[in-house]
Amino acid sequence: MNKHQLKPYQTAQIHYFHHTAATHGRYPESSRKIINLSQANKTKQRIQSWPGYQSTPMHSLDTFAAAAELGKIWYKDESGRFNLGSFKALGGAYAIEQLLMRELSKRHNKNISYTELRHGEHQQFCSALTVTTATDGNHGRSVAWGAQRYGCRCIIYIHAGVSVGREQMLKKYAAEVVRVAGNYDDSVHAAAQAAMDHGWFVVSDTSYPGYTDVPRDVMSGYTVMCAEIIDQLGQTPAPTHVFIQGGVGGLAAAVIGYFWAYYQQARPRFIIVEPTLADCLYQTAKAGRPITVEGDLNTMMAGLACGEISLLAWEILQQGADDFVTIDDATIPHCMRLLHAHDIEAGESAVPGLASALISALQPATREALGLSSDSVVLVFGTEGATDPKIYQQIIAD
């Protein structure tokens, strides 16, 4: 690769906001109650015991880094995670297990272990329980997979913009799918209302007042990626910059929380990336209070088409996120094709971190604002593969 191949990014639209509220001291006690290394280690041990567990690859994108005049770009590739196609496999399924153990413990008035659950000792209880969630595709697939493993009924709510291909993938894991009008946030509200009406259990990756336990478990599942990255980096230089996708904020908070707890004052600079059309975290950071972005949120970055932040995630982001950037849909296909040419499968929501890092490095004003240089070690997360193969092939072939 040469700099000419990145020419579209030299003039691509990028909006940047430096978050002056961010701090670089020791990891705060308030955040430690949400994400901490002790719980992350327990979660890793659990997930490592699941059938089919493998650490996902870390690609060194040396030619990308050279063309962007950066020291290093690391790409954590989640396209093969548990054959579900995204990092979300770590969150929803783990939260299902935690939910079942909590509910069983309440019923039997004693702690129920994971060993009991895994060995099917409470199958009758599990089969009588219904879980539900809203999804753009990936989180719902993880919830459906987790529910299927334990025999729970699973009902998934999707919004009008979710592709037919992603809907069919949900049904592959025995989920009942309900499509509602509106955007992602409308499907979140529909799932919550249905659960209230029917006594179902919501397994959501976003939190709201009175609902934090499950989203905390989901975020804890995501920290497995971070633990793997520490092992994979070994003795190589630590990341100086982490570009991480936004959405409702759960992934970003898990990543920031883990690395801040691990590196403490030497933590990297954290840059949150969102679509211009769904920038609830960017707007919240600018306003200094939770902001809801309304409208159809019609971005090709389907996994990031969120208008309402997770309040639990914001507790970490408001102290730990250094910068917020938004990019347009036009920046996404080119990045997917560049990775495809290097034999890396990356879906539409996988590449915003990498695309924004390249754009930022190639545009002098943003490069300077973010402190990027030829010594920078940049970490990005390829959060999904071709979660809708038809759409993926259309983009790659264009």
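Author: On a 1 Å grid over the protein atoms alone, a cavity is a set of points where a 1.4 Å probe fits but cannot get out. This is a predicted model, where local features need pLDDT of at least 70, side-chain atom pairs count only at pLDDT 80 or more, and totals for chains, interfaces and linings use all residues. Residues are numbered from 1 along each chain as its sequence is written, and side-chain values use heavy atoms, leaving out hydrogens and water.

Reader: How many cavities of 30 Å³ or more does a search of the whole structure find?

Author: The largest cavity holds about 320 Å³ of space, a volume being the space filled by probe spheres set on grid points joined across faces, edges and corners. The second largest cavity holds about 40 Å³. At the cut-off of 30 Å³ or more, the count for the whole structure is two.

Reader: Which residues lie nearest the centre of the largest cavity?

Author: Its lining, meaning residues with an atom within 4 Å of a point, has 26 residues. Strand β4 (130-135) and helices α7 (138-150) and α11 (250-263) each supply at least two of them; helices (H or I, at least four residues) and strands (E, at least two) are DSSP runs, numbered from the N terminus. Nearest the centre are F87, K88, D205, G303 and L304.

Reader: Which element gives the most to the lining of the second largest cavity?

Author: The lining is T133, A134, V188, A191, A192, V202, S204 and Y208. Two elements, β4 and α9, give two or more residues. With three residues, the top contributor is α9.

Reader: How many charged residues does that lining have?

Author: Ala, Val, Leu, Ile, Met, Phe, Trp, Tyr, Cys and Pro count as nonpolar, Asp, Glu, Lys and Arg as charged, and the others, Gly among them, as polar. The lining of the second largest cavity has six nonpolar and two polar residues. Its charged count is: no charged residues.

Reader: What is the volume of the second largest pocket?

Author: A pocket is an open set with protein on both sides within 12 Å along at least five of seven lines. The largest pocket holds about 280 Å³; among its 19 lining residues, H159, G161, V162, N298 and T299 are closest to the centre. The second largest pocket has 15 lining residues, with H189, S207, Y208, E308 and I309 closest to its centre. Its volume is about 230 Å³.

Reader: Which helix gives the most to the lining of the second largest pocket?

Author: That lining divides into nine nonpolar, four polar and two charged residues. Five residues come from one helix, spanning 184-198. This helix is α9.

Reader: In the open sheet, which are the edge strands?

Author: Seven strands run in the order β1-β10-β9-β8-β11-β3-β2, with mixed pairing; two strands pair if DSSP finds at least two bridges between them. An edge strand pairs on one side only. The edges are β1 (14-18) and β2 (58-60).

Reader: What is the bridge partner of V242 in β9?

Author: Strands β8 (residues 241-245) and β9 (residues 269-275) pair in the parallel sense over five bridges. Within β9, the partner of V242 is F270.

Reader: Is L297 buried or exposed?

Author: L297 is in the loop between α12 (280-287) and α13 (311-320). Its phi is positive, about 50°, although it is not a glycine. Buried means under 20% relative accessible area, exposed over 50%, and partly exposed in between (1.4 Å probe, protein chains only). At 4%, L297 is buried.

Reader: What is the relative accessible area of A174?

Author: A174 also is not a glycine, and its phi is near 70°, a positive value. Its place is in the loop between α8 (164-172) and β6 (176-180). A174 is exposed, with a relative accessible area of 53%.
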